[in-house]
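Colleague: Could you walk me through this structure before I go back to the bench? I have a few loose questions.

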Amino acid sequence: MEDNITKLIMDIGNSHIKLLVGEVSTDFTRIKVLQYVEVPTKGMKKSMVESSDELSYSIQRALKSLENPEHRELEKVTIGIGGKYIQSKTRKLFIEFEEREVEESDVEKLYELAEECLETGELILKREMYNIKINSAGIVKNPIGLVANRLEANVHLVYVDREDIEKLTAAIIDAGLEIENIYLNAYASLKSTLIDEESTKMGVALVDIGEGATDIIISKNHKIIYAKSANLGGIHFMSDIMYLFRVSEEEAREVYSAYIKGEMKEKYISSSGKCFAKEDVEKIIDARIGDIATFILNTIQESGFTGYLGQGMVLTGGVASLDRLVGKINGQTGGIVRRKKPLSIRGLEDPEYKMATVIGLFLEAIEEEMELQQKRNEQEEVKVQNDDLEELLESHNHDVERKSSGEAMVKIKKWISYFI
């Protein structure tokens, strides 16, 4: 297809790099995944960069694995950030002014006031505004255009310290790529799994349990009101198997993979010939699920939004493929719990739980491109109108000279009102 916009998306995990190449038509009516690949990661440990050089090499291998040579030459990449790097703050703020219609600049002023609490070098990944009020009255959805002399709201910022992700960004740059966008992993997963649901209006906690981190994001009235992450995930199941059974990391991964895929019967014989009882493996996995459930429960309680979760919890991410996960977390938290895979996109019609973040990052990159295009169109429209006005005024100079100024101005104002 011609005249399409191509995007390179990368989700860097502890054990795998997920790379997606997708395209969107210039009218933003059609999207398609052109290629999806997974390549083993080196240089990552507990969701942190242990070796930038090894990670950079892994990224280069991922790029080389793309079948289309043109895709290997893509220079810009969209990435996501999650895990322990994520921080968030909520501030209740207000501004006052002479009574008039609320403007978009007033809303932006509230965001600016909230951002003053951040330190130099902190990068905002997501910002939301909720509980918006004018003149201390009831909550409104959109204040712009309403007459008021006071605007107040809760402003929620999700951010990361640039120093915390320096090694990550350096590895990406060393691999020959330019970072186009950085988004919040948890929000990307929410976008890919709940984009068509009313859950984000009724109140829901999206829990993305990946290999190295568990990301939680709480949404109400389609607004992000809380976010938190912990370095707790599938890699810990493997490390427990490795420690308790005294086996190598490779063998622990083999056993865990066999279990999660449903290939383990009562007993499992690994490639080394060692026998693993399914019951023993389940005990280890259940213990870690208990840790994840405790983190989820504590996070929701700390957020203060326990009563906001009308739609309970939605689980996604690689660990969500564990069949016993929902029951165990439901039993410990006592809430409504369900699993959900990311939405299907042409070219990737049967996505897995583990693809939630990378698909969501793709959707966010498309949305960002669409917003930029809208701004360019608006600017072009204003430029055309200004050019037409200048031409109009110039063409009427002769009329202004030979007719009464009053008659000429009436004619010009009529034309100006058309363009405005």
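Modeller: Gladly, and one term comes up at once: a residue counts as buried when its relative accessible area is under 20%, and as exposed when that area is over 50%. Please also keep in mind that this is a predicted model.

Colleague: Okay, then which residues of helix H10 are buried?

Modeller: In H10, which runs over residues 325-333, the buried ones are Leu325, Val326, Ile329 and Thr333. They lie on the same side of the helix, because the arc they cover around the axis is only 95 degrees.

Colleague: Why would residues spaced like that point the same way?

Modeller: An α-helix has 3.6 residues a turn, so residues three or four places apart point the same way.

Colleague: And which residues are exposed on the other side of H10?

Modeller: Those are Gly327 and Gly331. Just after the helix comes another glycine, Gly334, which takes a positive phi of about 75 degrees.

Colleague: What do the buried residues of H10 pack against?

Modeller: They pack against helix H9 (278-303) and against three strands, namely E11 (204-209), E16 (313-316) and E17 (337-339).

Colleague: Switching topic, how many helices and strands does the protein chain have?

Modeller: The chain has 13 helices and 17 strands, and 48% of its 420 residues count as buried. Its C-alpha atoms fill a box of roughly 105 × 55 × 40 Å along the principal axes.

Colleague: What about the surface that the chain exposes?

Modeller: The protein chain exposes about 21,600 Å², of which carbon and sulfur atoms supply 46%. As for charge, the mean positions of the 54 positive and 74 negative charges are 5 Å apart.

Technical notes: Residues are numbered from 1 along each chain as its sequence is written. This is a predicted model: local features need pLDDT of at least 70, side-chain atom pairs count only at pLDDT 80 or more; totals for chains, interfaces and linings use all residues. Side-chain values use heavy atoms; hydrogens and water are left out. Buried means under 20% relative accessible area, exposed over 50%, partly exposed in between (1.4 Å probe, protein chains only). Helices (H or I, at least four residues) and strands (E, at least two) are DSSP runs, numbered from the N terminus. The arc is that of the directions from the helix axis to the C-beta atoms. Contact means heavy atoms within 4.5 Å. Accessible areas come from the Shrake-Rupley method with a 1.4 Å probe; for residues, only the protein chains shown count as cover. Lys and Arg count as positive and Asp and Glu as negative; His and the chain ends are not counted. The place of a charge is taken as NZ of Lys, CZ of Arg, CG of Asp or CD of Glu.
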